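Work through the exercises below with the sequence and the model open side by side. Each task is followed by a solution in steps.

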Protein chains: 2
Amino acid sequence: SSGGGSAQDSLYFQSYADVSIHEEMLADTVRTDTYRRAIFRCAAALAGKAVLDVGAGTGVLSVFCAQAGARRVYAVEASSIAEQAARIVRQNRVEDRVQVIRGTVESVELPERVDVIVSEWMGYALLHESMLNSVITARDRWLKPGGLILPERAELFVAPISDLVAEERLNFWDTVKGQYGVDMSCMAEFARSCVLNGEIAVHPVTVEDVLSHPCRFAQLDLRTVTLEELKRVSGAFCCQCFGSSSLNALCVWFTVTFPAEDMPPLVLSTSPFKAETHWKQAVLYLDEPVDVRQDTKVEGNISMYPSEKSSRYVCIHVDYTVGEHKQKSKTFSIPDGHSEDT
Amino acid sequence: SSGGGSAQDSLYFQSYADVSIHEEMLADTVRTDTYRRAIFRCAAALAGKAVLDVGAGTGVLSVFCAQAGARRVYAVEASSIAEQAARIVRQNRVEDRVQVIRGTVESVELPERVDVIVSEWMGYALLHESMLNSVITARDRWLKPGGLILPERAELFVAPISDLVAEERLNFWDTVKGQYGVDMSCMAEFARSCVLNGEIAVHPVTVEDVLSHPCRFAQLDLRTVTLEELKRVSGAFCCQCFGSSSLNALCVWFTVTFPAEDMPPLVLSTSPFKAETHWKQAVLYLDEPVDVRQDTKVEGNISMYPSEKSSRYVCIHVDYTVGEHKQKSKTFSIPDGHSEDT
């Protein structure tokens, strides 16, 4: 499950060798500013301490840690972007404190145990890419007892939604006759089977489309979670709808929380109720829309686990009941080509 | 070069089995309306005649031909969307005139020679997907001497442009310090090597960014062009800039022209000066921007040919000179994942 060297890992690390993905992550100010504030808030805990940055990328978090007072930062990065990280470290004159190490965190040797681990490991639907496994492996190998992990906690949320993106796409086939004089309404069923398939769609969900308060269905304490537990992250949910609507999907998102001594904890949220991030939301389309009204219960269980065909791809299995309808199940996965993000 | 059966062809036809690509093509009203008008304009030539639709997709062009008076339309389609085409034909009550045949046009057997071939075969930069080869093969096998081909002619154009998309992406790295306090200006060179690589970028070009009148560098007469000639489509170009600007790319696009008896010919244009289509424009980034001023000549030669690694992928080789600068050359190709379109 861990360790470098597989063809899958090689492809995975290659995807971080291009500039685009780093541009997208840095341009996401919610992401980068929250990490920056979280790191500077921990200045007292970082002062004179050793830090391990897991999957350092361009090294931005490592430089933040050095600027915040860390004595030594090990910036571990397996992809060739590590070369750029080393240049950035020099350009920011922190090369005496930040050491860029090219390799996987599973195989790297550090000269000491560290006081702090920092990592931006979250993928689509939190667990896509399975990078959390590397953070946990790093914790078990290199973090001193009682050491700090940034972020420290992750939470997964779900809410029923009425997603117009899919509905508008499906309605298109009824408009063709008016447009061109050729009736294509018989495409509806085929279009439905393509659009509402078992793919995890990643796009921004509009607040108005969310049909209930969110329900947290899982949380992970990064100080204690085990690799064994990450093989299946699951939990129950129960949502009560605000009012009458047509429910056609479940929306899944996450938050991660940074510890902050005496201050209230800092939360990086990818909720549809907050500012958009590059993670957007994960949308799971039901096979057909269901009418709900005020207080209709949408409840069930969600299970997330690595795909069998590629362990870096996340699968989401949902058992759900809407109101008095009988229970249904559907399994979703990330389509090819949408493979990488951080 | 032709004929079905290869793994590449199998992947290619699979990409047309999903609903999304057909939705995009039909939603492109410039494309579909121009074909519709062109077909109905030819009503006199179609009346009582046999038509072959090469790569019929959902069958929309075949139904147009039947509605315009064709006696018999052979709608040949290799992908599984053929099943939907057959349903659409029945729903529009033209099943007595339109016969959907699942197979490649290279392998199919028709009961007669046809009077007309219609096909929407154009890909990005006109020749991506190499589908024109199938149309020419169909012409040589099935079109009666003097028969009609819709469209009948294709033309390729080029113009120098000042593309802001790339410039803004490259400027991003100079803004990181102001945003987060980490200087990443040293990423500029690496970013330039990633962003201005040899990929054919496909995006809409703004009229204001076009630096000269377009120059036609190649044209194909579909009545006479040979498969041998399609192995390399090339031609010279010479553009004179309107005024002072920073030239950083060449923009390539195409038109196709429909014959129209006594009326002026009907042109489907993908020019940046016309309404946007799903083909957008093909943008070829130079390695570095060059300053131009009024009457600076941008001239050279453009060659288009199938990629060695996959014959459905188009490559574009450009030899060019800007003003008094010495001649440069660059070869471009369509990146993976951008593989399919019609």
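**Exercise 1. Locate P151(B) and state the geometry of the peptide bond before it.**

Step 1. P151(B) sits in the loop between β5 (143-150) and β6 (153-161) of chain B; helices (H or I, at least four residues) and strands (E, at least two) are DSSP runs, numbered from the N terminus.
Step 2. The bond from L150(B) to P151(B) is cis, with omega near -10 degrees.
Step 3. In chain A, a cis peptide bond joins L150(A) and P151(A), with omega about -5 degrees. P151(A) belongs to the loop between β5 (143-150) and β6 (153-161) of chain A.
Step 4. For reference, most residues other than glycine have a negative phi, and most peptide bonds are trans.

This is a predicted model: local features need pLDDT of at least 70, side-chain atom pairs count only at pLDDT 80 or more, and totals for chains, interfaces and linings use all residues. Residues are numbered from 1 along each chain as its sequence is written, chains are lettered from A and ligands numbered from 1 in the order in which they are written, and side-chain values use heavy atoms, with hydrogens and water left out.

**Exercise 2. Determine whether E152(B) is buried or exposed, and list its contacts.**

Step 1. E152(B) is in the loop between β5 and β6 of chain B.
Step 2. Its relative accessibility is 15%, so E152(B) counts as buried (buried is under 20% relative accessible area, exposed over 50%, partly exposed in between; 1.4 Å probe, protein chains only).
Step 3. Setting aside neighbours within four places in sequence, E152(B) contacts L220(B), D221(B), L222(B), R223(B), T257(B) and P259(B); contact means heavy atoms within 4.5 Å.

**Exercise 3. Which residues other than glycine, one in chain A and one in chain B, have a positive phi, and how accessible is each?**

Step 1. K280(A) has a phi of about 50 degrees. The residue lies in the loop between β11 (266-269) and β12 (281-292) of chain A and is partly exposed, with a relative accessible area of 24%.
Step 2. L126(B) has a phi of about 70 degrees. The loop between β4 (114-119) and α7 (132-142) of chain B holds L126(B), which is buried at a relative accessible area of 1%.
Step 3. Not counting residues up to four places away in sequence, L126(B) touches W121(B), A154(B), L156(B), L220(B), F254(B) and V256(B).
Step 4. The largest nonpolar core has 127 residues, and L126(B) is among those with the most contacts inside it, along with L52(B), W121(B), L220(B) and F237(B). Such a core is a set of buried Ala, Val, Leu, Ile, Met, Phe, Trp, Tyr and Cys residues joined through side-chain atoms within 4.5 Å.
Step 5. Another core, of 125 residues, lies apart from it and includes I39(A), A56(A), V108(A) and F332(A).

**Exercise 4. Describe the interface between chain B and chain A.**

Step 1. In chain B, 41 residues are in contact with 41 residues of chain A.
Step 2. The two chains bury about 3600 Å² between them, 61% of it on carbon and sulfur atoms; buried area is the accessible area (1.4 Å probe) that two parts lose on being put together, summed over both.
Step 3. There are two salt bridges between the chains (a side-chain nitrogen of Lys or Arg within 4 Å of a carboxyl oxygen of Asp or Glu). R169(B) forms a salt bridge with E23(A), with the closest N and O atoms 2.9 Å apart.
Step 4. Elements giving two or more residues to the side of chain B that touches chain A include α2 (19-27) and α8 (164-180) of chain B. The most come from α2(B), with six residues.
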